[in-house]
Amino acid sequence: MNQTYQDPQLRQRGRASVDFLAQMAIASNDVRKGVDAAIAQRVPDPSALPDDLDERLAHMDALLADCGAYTMQQLLGDWHGRMHGRIAAEAYEEIKRDLTEAFEASQAGPATLVLDPDLQPPAYWDGVSFHRTGPWDGHPEMGYVHGEIVHKKMVARFFPGGIFQQRRDVAKMAPRDDYKRILDMGCSSGHFTTGLQLAYPDAEITGVELSAEMLKHAWRTANAKGWSWKLYQKLAEDTGFPDGSFDLVASYIILHEMPADAIRKLFKEAFRLLEPGGDMLMSDVTRFADMDKLAVWKADRGAKFGGEPHWRESASLDLAEIAREAGFVDVKAEGTYPHVIQGRKP
Ligand SMILES: C[S@@+](CC[C@H](N)C(=O)[O-])C[C@H]1O[C@@H](n2cnc3c(N)ncnc32)[C@H](O)[C@@H]1O
């Protein structure tokens, strides 16, 4: 069976496993309702929960220790965390021969890819198993396994809000429609870059990303679509591009995967890279400041056990303040998920 490059047509075994995992995730919503009912009884005033996040985790674990739905929720979450990457990789193994032709065809095209074998990735990224799928470079085809199978066949089915529509909506939020040179920081396999491409079809689009495997997939995607993306393996907070290279610098959910000092550097780098009058458009996960203590506990707990080592530190930051510190003016922050920060270089 020949495959089109995108939208994987899984074989029966892989499809069954992927469907099972997605259905388990959907079914766990009912388990969550049981946990929420127990919490409503046992936590009458969320504002009285401990301020310290580690204490809050321990407090809630103790409070829910005899709640069967909570135990089940933990087991399901752990199973999902351990299995989703493995199931996606196994589903890929079954179809990889079918993809040979499409992969080869997408080597040719207008996109360019510059890898840097000497790049030293930062310790906060190198070898870390994000989302428990594995390190971003942890599979020779992680771009396909994560960007196509995990995202399209799993996450898109149970994550609220439409993960691709959300990217397209954010891309369109920048104030102008005549950008000429756009940078996507942390472009990964190119999902948000696609949103930027569709919103600003006449712009030259550049993506930087640490993972060679994710970049390879973005490059093939662009070639298959006839898009002239310029893709580089670079550190987003230290790209080495000349000052003023872009008129829009954007990102989608890279920030919660970085510690606070790297985020501050990234905003400064975005400022440096913009020409005067250029726009910044960054988006990330819900700020802890926009949630009550219970919602913060849920997000923090999900991050701790879901392979998100930097989420707590990142979601605790006021990104609008960091943008102002970097020099941006007319800074505005809006939305919960995704939380969007915009600003302009004067
Ligand atoms: C959650 S993914 C977001 C991907 C993409 N923006 C999208 O819309 O799908 C985060 C990506 O950021 C990359 N990344 C993390 N830290 C980075 C850094 N300092 N410089 C460049 N890329 C980074 C990761 O390798 C990963 O591919």
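**A conversation about the ligand site and its surroundings**

Mentor: Of the 20 residues around the ligand in this predicted model, Tyr124, Arg167, Ser188, Glu209 and Glu237 come nearest.

Trainee: Which atom of the ligand does the side chain of Tyr124 approach?

Mentor: A polar atom of the Tyr124 side chain lies 2.7 Å from a nitrogen atom of the ligand. Backbone atoms take part as well: a polar backbone atom of Tyr252 is 2.9 Å from a ligand nitrogen, and one of Leu210 is 3.4 Å from a ligand nitrogen.

Trainee: How much of the ligand's accessible area does the protein cover?

Mentor: The ligand has 600 Å² of accessible area on its own, and the protein covers 98% of that area.

Trainee: Back to Arg167. Is this residue buried or exposed?

Mentor: Arg167 is buried, and it has no salt bridge. Asp184 is the nearest side chain of opposite charge, at 8.2 Å.

Trainee: Which backbone oxygen lies 2.9 Å from a polar atom of the Arg167 side chain?

Mentor: That oxygen belongs to Ile163. Arg167 itself sits in helix H5, which covers residues 163-171. Not counting residues up to four places away in sequence, Arg167 touches His151, His191, Phe192, Tyr252 and Ile253. Tyr252 thus appears again, having a polar backbone atom 2.9 Å from a ligand nitrogen.

Trainee: And Ser188, where is that one?

Mentor: Ser188 is in the loop between strand S2 (181-185) and helix H6 (191-199). Its phi is near 50°, a positive value in a residue other than glycine.

Trainee: Why does Ser188 count as buried?

Mentor: Ser188 counts as buried because its relative accessible area is 18%, and the cut-off for buried is under 20%.

Trainee: What is the phi of Asp330?

Mentor: Asp330 has a positive phi of about 50°, although it is not a glycine. Asp330 lies in strand S7 and is exposed, with a relative accessible area of 55%.

Trainee: What lies between strand S7 and S8?

Mentor: A loop that contains Pro338. A cis peptide bond joins Tyr337 and Pro338, with omega about -10°. In strand S8, residues 339-344, you will find Gln342.

Trainee: Which residues is Gln342 in contact with?

Mentor: Leaving aside neighbours within four places in sequence, its contacts include Met173, Ala174, Pro175, Met280 and Asp330. The Gln342 side chain also reaches the backbone oxygen of Met173 at 3.4 Å. Gln342 counts as buried, at 6% relative accessibility.

Trainee: Changing topic: how many salt bridges does the structure hold?

Mentor: It holds 27. One of them joins the side chains of Glu275 and Arg181, at 2.5 Å from N to O. That pair links distant parts of the chain, with Glu275 in strand S6 (residues 274-284) and Arg181 in strand S2, 94 residues apart.

Trainee: How far apart in the helix are Arg82 and Asp78?

Mentor: Arg82 and Asp78 are separated by about one helical turn because they are four residues apart in helix H3, residues 68-105. Their side chains meet in a salt bridge at 3.1 Å, N to O. Arg82 is partly exposed at 44% relative accessibility, and Asp78 is partly exposed at 31%.

Trainee: Which residues are linked in a network of salt bridges?

Mentor: Glu141, Glu213, Lys216 and Arg220 are linked in that way.

Key. Residues numbered from 1 in each chain as written. Predicted model: local features only at pLDDT ≥ 70, side-chain atom pairs only at ≥ 80, totals over all residues. Heavy atoms only, no water. Helix = DSSP H or I, 4+ residues; strand = E, 2+ residues; numbered from the N terminus. Buried < 20%, exposed > 50% of the residue type's maximum accessible area, 1.4 Å probe, protein only. Lys, Arg positive; Asp, Glu negative; His and termini not counted. Salt bridge = Lys/Arg side-chain N within 4 Å of Asp/Glu carboxyl O. Polar contact = N/O pair within 3.5 Å; in protein donor to acceptor, adjacent residues only side chain to side chain. Contact = heavy atoms within 4.5 Å. Near = heavy atom within 4 Å. Areas by Shrake-Rupley, 256 points an atom, 1.4 Å probe, with all protein chains shown as cover.
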